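Colleague: Got a minute to walk me through this model? I'd like to start with a backbone detail.

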Amino acid sequence: MKNVLILGGDGFCGWPTALHLSALGHRVTIIDNLSRRAIDEELGADSLTPIAPIMERLATWEAVSGETIPFAYIDVARDYDAFRDLITDLRPDTIIQFAEQRAAPYSMKDTTRKIFTIDNNVNATHNVLAAITETGIDAHVVHLGTMGIYGYDESRVEIPEGYLDVYVPGENRDISKRSILYPTNPGSVHHLTKSMDQLMFQFYAKNDGLRITDLQQGIVWGTQTEETRRHPALINRFDYDGDFGTVLNRFLMQAAVGHPLTVHGTGGQTRAFINIQDTVRCIAMAVDNPPSAGARVKIRNQMTECHRVRDLARMISDVTGARIAFVDNPRNEPDENELVVSNKSFIDLGLEPVTLESGLLTETIEVSRRYADRCRMEMIPCVSTWTDRQRPGIAETPMAA
């Protein structure tokens with residue numbers, strides 16, 4: 001078992017990952033600056049599920065599992081010395097980097113949030129890499145990236161896992177083969193920071209021999225994992241607001257409170273998805289399968305299936321009876337796109353995906369209904385727009401069956 005340090009371990013993906021790795025027998029420590037809780041207060045949009053204070057969460061986990069997870073309050077992006085000193089003492093085998101602002105709409109909300117997202121995400125990731133290099137600790141970095149770095153277009157060419165083979169013509173009709181990072185095409189400042197992370201990883205792996213795994217994750221749906229179900233105080237976040245709520249969770253919450261399912265634009269945007277239970281399983285697999293020293297960055301696509309947004313809305317409408325409303329798309333993106341993604345590396349490691357057709361979709365509907373009284377209806381619309389000329393629509397349009 002490994003000594004694992006999780007940065008951002010109080011967040012939507014970090015918290016269930018910490019519990020899952022602890023349950024597997026890893027020695028887990030959490031670092032967090034609790035900024036996601038502060039953003040809740042800033043926006044006035046709490047998680048639909050009630051989230052206990054971090055120390056209560058940790059005490060509850062110890063009570064139900066017998067395992068202790070130490071916690072350190074450190075802002076990795078701003079307090080480099082404290083972070084460096086902690087890893088010097090702890091000497092982790094693995095450092096999981098979740099300490100980044102994760103929402104594309106929030107990153108586009110205004111100039112202040114754009115600057116915050118760049119400062120927080122880029123500085124945090126670079127501080128991790130610099131501290132490992134300075135201390136000489138042989139820690140495997142596992143980073144949570146995003147499928148959004150690849151961009152979305154009309155091509156049905158399968159997106160590979162990070163690297164693209166290209167053929168370059170030379171003199172005398174010679175053809176040289178090169179393997180390059182798949183060209184990034186970020187669609188928000190949030191995605192831009194993940195693209196910048198890629199270049200930092202490439203440099204530190206090449207220059208300093210750091211062992212790095214970059215997980216390009218799809219949109220997460222669901223709330224609970226096997227571990228978070230063990231006690232109400234362990235329940236995971238369920239974000240439904242227009243800035244942090246992922247599309248499927250937002251639809252499920254909207255259905256629970258009798259609000260139309262808000263489909264942006266034509267709903268022809270195809271996205272990659274993964275259940276939160278598969279997220280923690282994939283991260284555990286990445287922890288157990290680090291690249292060797294001197295290897296290039298290992299990039300894995302952490303997703304299980306692709307769907308168009310309007311098809312998801314139909315699926316939820318068929319199950320719940322909710323109406324569907326088309327509203328103006330606040331994002332600057334094509335109305336329609338195709339998406340084909342390779343996730344071979346996790347399938348080869350033994351991942352058996354949880355799909356939207358499984359019973360966990362029903363479980364997530366039940367969670368959203370159980371806490372529907374906590375919903376603040378005014379937080380449902382996405383009011384963060386990508387450009388000044390855009391504004392959210394309000395007209396409801398019936399959807400054809």
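Modeller: Sure. Arginine 91, just after helix 4, takes a positive phi of about 50°. Helices here are DSSP runs of H or I with at least four residues, strands are E runs of at least two, and both are numbered from the N terminus.

Colleague: Before we go on, what kind of model is this?

Modeller: This is a predicted model: local features need pLDDT of at least 70, side-chain atom pairs count only at pLDDT 80 or more, and totals for chains, interfaces and linings use all residues. Residues are numbered from 1 along each chain as its sequence is written, and side-chain values use heavy atoms, with hydrogens and water left out.

Colleague: Back to helix 4. Which of its residues are buried?

Modeller: Tyr80, Phe83, Leu86 and Ile87 are the buried residues of helix 4, which spans residues 80-90. Buried means under 20% relative accessible area, exposed means over 50%, and partly exposed is in between (1.4 Å probe, protein chains only).

Colleague: Why do they line one face of the helix?

Modeller: Looking down the axis of helix 4, its buried residues fall within an arc of 135°, so they line one face. The arc is that of the directions from the helix axis to the C-beta atoms.

Colleague: And what do they pack against?

Modeller: Strand 1 (3-7), strand 2 (27-32), strand 3 (71-73), strand 4 (94-97) and helix 6. Contact means heavy atoms within 4.5 Å.

Colleague: New topic. How many salt bridges are there?

Modeller: The structure holds 26. A salt bridge is a side-chain nitrogen of Lys or Arg within 4 Å of a carboxyl oxygen of Asp or Glu.

Colleague: Where does aspartate 239 come in?

Modeller: Its side chain meets that of arginine 36 in a salt bridge, at 3.1 Å from N to O. Aspartate 239 is in the loop between strand 9 (219-221) and helix 8 (247-256), and arginine 36 is in helix 2 (residues 35-43), so the pair ties together parts 203 residues apart in sequence.

Colleague: Are those two buried or exposed?

Modeller: Both aspartate 239 and arginine 36 are buried.

Colleague: What does aspartate 243 pair with?

Modeller: Lysine 109, in a salt bridge of 2.9 Å, N to O. Aspartate 243 sits in the loop between strand 9 and helix 8, while lysine 109 sits in the loop between helix 5 (104-107) and helix 6 (111-135), so this pair links parts 134 residues apart in sequence. Aspartate 243 counts as buried at 8% relative accessibility. Lysine 109, at 25%, counts as partly exposed.

Colleague: Which residues do salt bridges with shared partners join into one network?

Modeller: Arg36, Asp40, Arg102, Arg237 and Asp239. Aspartate 40 is in helix 2 and is buried, with a relative accessible area of 7%.

Colleague: What does aspartate 40 contact, leaving aside neighbours within four places in sequence?

Modeller: Ala45, Asp46, Ser47 and Arg237.

Colleague: Last one. Where is cysteine 375?

Modeller: Cysteine 375 lies in the segment after helix 12 (359-370). Cysteine 375 is buried, with a relative accessible area of 14%. Cysteine 375 and threonine 49 are 326 residues apart in sequence, but 9.4 Å apart in space, C-alpha to C-alpha. Leaving aside neighbours within four places in sequence, cysteine 375 is in contact with Leu48, Tyr240, Met253, Val257 and Ile380.
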